[in-house]
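Student: I should like to request a close look at a single part of this structure, namely its interior. Please set that part in the context of the whole chain and give the criteria behind each term.

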Amino acid sequence: MTEAVPTRPFATATDTGSGGLQTFVTAGPSTIVADVSVAQGGLDLGPDPHELVAAGLAACTSMTLRLYANRKGWEISAMHVEVFSHFDADQTPPERFERVISIEGNLNDEQRERLFEIADRCPIHKLLTNGARVVTTVGGG
């Protein structure tokens, strides 16, 4: 069975029309400017699309680990997730995300190891590693 289409889109992108590649991106209740570097034809006013995907992976990883630790009653005082994007033309797929997770708290080695395993269960990690279908339709306008 196919899921119903939500009434509010998960994200929208609106070209500002002011030249360059600046785009207003709305996701949830927030709007930011997305752009690309000057070398790529933009003004570097905001994150580029690859950085937005990396941000989604970083945020989802942090949230997934926090939810798991809270459910287990484990003490995490701070967590920091960095995501780097690399393009390796000789690899398949050529895009590679490198995730660096730093966790502070009263955790033993087993708990830390389990959290690093749980990181791979983050929904965005699964989306990136398993793939997704993109269906395009023509809107009004």
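Tutor: Accessible areas come from the Shrake-Rupley method with a 1.4 Å probe, and for residues only the protein chains shown count as cover. On that basis the protein chain exposes about 10,300 Å², of which carbon and sulfur atoms supply 55%. The model is a predicted one, in which local features need pLDDT of at least 70 and side-chain atom pairs count only at pLDDT 80 or more, whereas totals for chains, interfaces and linings use all residues. Residues are numbered from 1 along each chain as its sequence is written, and side-chain values use heavy atoms, with hydrogens and water left out.

The overall frame comes before the detail. Three helices and five strands make up the secondary structure of the protein chain, where helices (H or I, at least four residues) and strands (E, at least two) are DSSP runs numbered from the N terminus. Their order from the N terminus is β-β-β-α-β-β-α-α. The radius of gyration of the protein chain is 18 Å, while a compact globule of 141 residues would have a value near 14 Å; this radius is taken over C-alpha atoms, and the globule rule is 2.2 Å times the number of residues to the power 0.38. The C-alpha trace spans about 55 × 40 × 30 Å along its principal axes.

Of the 141 residues in the protein chain, 23% are buried. The classes are buried (under 20% relative accessible area), exposed (over 50%) and partly exposed (in between), with a 1.4 Å probe and protein chains only. A contact requires heavy atoms within 4.5 Å. Among the contacts in the protein chain with a separation of 6 or more, 33% join residues 24 or more positions apart.

The close look may start in helix α1 (residues 49-72), which holds T61. T61 counts as buried because its relative accessibility is 0%. Apart from neighbours within four places in sequence, T61 is in contact with V81, R99, I101, A119 and C122.

Two isoleucines carry the picture further. I76 belongs to strand β4, and I103 to strand β5 (residues 95-106). I76 counts as buried because its relative accessibility is 9%; I103 counts as buried because the value there is 10%. Although 27 residues separate I76 and I103 along the chain, their C-alpha atoms are 6.9 Å apart. With neighbours within four places again set aside, the contacts of I76 are L65, R66, A69, I103, E104, G105, L107 and L115. By the same criterion, I103 touches L65, I76, A78, M79, R112, L115 and F116. For I103 and F116, a sequence separation of 13 residues corresponds to 9.9 Å between C-alpha atoms.

R112, one of the contacts of I103, lies in helix α2 (residues 109-119). R112 counts as partly exposed because its relative accessibility is 23%. Outside its neighbours within four places, R112 is in contact with I103, G105 and L107. Between R112 and T129, 17 residues apart in sequence, the C-alpha distance is 23 Å.

Aromatic rings are considered next. Rings of Phe, Tyr and Trp (its six-membered ring) pair if their centres lie within 6.5 Å; planes under 30 degrees apart count as stacked, over 60 as edge-to-face and the rest as tilted. The count under this rule is one aromatic pair. Y68 and W74 form it edge-to-face, with 5.6 Å centre to centre and 75° between the planes. Y68 counts as buried because its relative accessibility is 9%, and W74 counts as buried because its value is 18%.

Two backbone features in loops complete the account. T92 and P93 are joined by a cis peptide bond with omega of about -5°, and P93 is in the loop between β4 (75-87) and β5. D44, which is not a glycine, has a positive phi of about 60° and sits in the loop between β3 (30-34) and α1. In contrast to the buried side chains above, D44 counts as exposed because its relative accessibility is 52%.
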